[in-house]
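Good morning, everyone, and thank you for making time for this. I would like to walk you through one structure, slowly, so please have a look at it before I go on.

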Amino acid sequence: METEKFSNAYFLKKIRALEKRIKILENFLEEKTLKETYTVEEVLETYGISRSTFDRYRKAGLKVSQPERNGKIMIKKTDIENYLKK
């Protein structure tokens, strides 16, 4: 019975350590992903296009994401670059 308690405590400790490592990795990936995405304003400035041109690109198939309703529109760097190569 004592070994069961020890092993449960041991596994709980290991699980908590893994959860902490996962959280650190998630934060890292989120930060990296954000660096690889642009807001609409950043796309306009970086690529020197107007808002109406950007809106035409969107209608023509440029992939964008809007995580929250009425939130910021985000565009992956690779998506805008691939679209502009077409």
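Let me begin with G61, which counts as partly exposed because its relative accessible area is 46%, a value that falls between the limits of 20% for buried and 50% for exposed. Please keep in mind, here and throughout, that this is a predicted model. As for where G61 sits, you will find G61 in the loop that runs between α3 (51–60) and β2 (74–76). If you compare G61 with K32, which is 29 residues away along the chain, their C-alpha atoms are separated by 25 Å.

Now, which residues does Y83 touch, once we leave aside its neighbours within four places in sequence? They are Y57, A60, G61 and L62, and so G61 leads us on to Y83.

Y83 also belongs to the largest nonpolar core, a set of 11 residues made up of Y38, V40, V43, L44, I49, F54, L62, I73, I75, I80 and Y83 itself. Two helices, α2 (40–47) and α4 (77–85), each supply at least two residues of this core, and α2 gives the most, with 3 residues. As general background, nonpolar side chains in soluble globular proteins tend to be buried together.

Let me turn, finally, to the surface, where Y10, F11, L12 and I15 form a nonpolar patch that has about 400 Å² of accessible area together. One of these residues, L12, has its place in helix α1 (residues 2–35), and L12 counts as partly exposed because its relative accessibility is 43%.

Conventions
Residues numbered from 1 in each chain as written. Predicted model: local features only at pLDDT ≥ 70, side-chain atom pairs only at ≥ 80, totals over all residues. Heavy atoms only, no water. Core = buried A, V, L, I, M, F, W, Y, C linked by side-chain atoms within 4.5 Å. Buried < 20%, exposed > 50% of the residue type's maximum accessible area, 1.4 Å probe, protein only. Helix = DSSP H or I, 4+ residues; strand = E, 2+ residues; numbered from the N terminus. Contact = heavy atoms within 4.5 Å. Patch = residues over 30% accessible without salt bridge, like charges linked within 9 Å, V, L, I, M, F, W, Y side chains within 5 Å. Areas by Shrake-Rupley, 256 points an atom, 1.4 Å probe, with all protein chains shown as cover. Salt bridge = Lys/Arg side-chain N within 4 Å of Asp/Glu carboxyl O.
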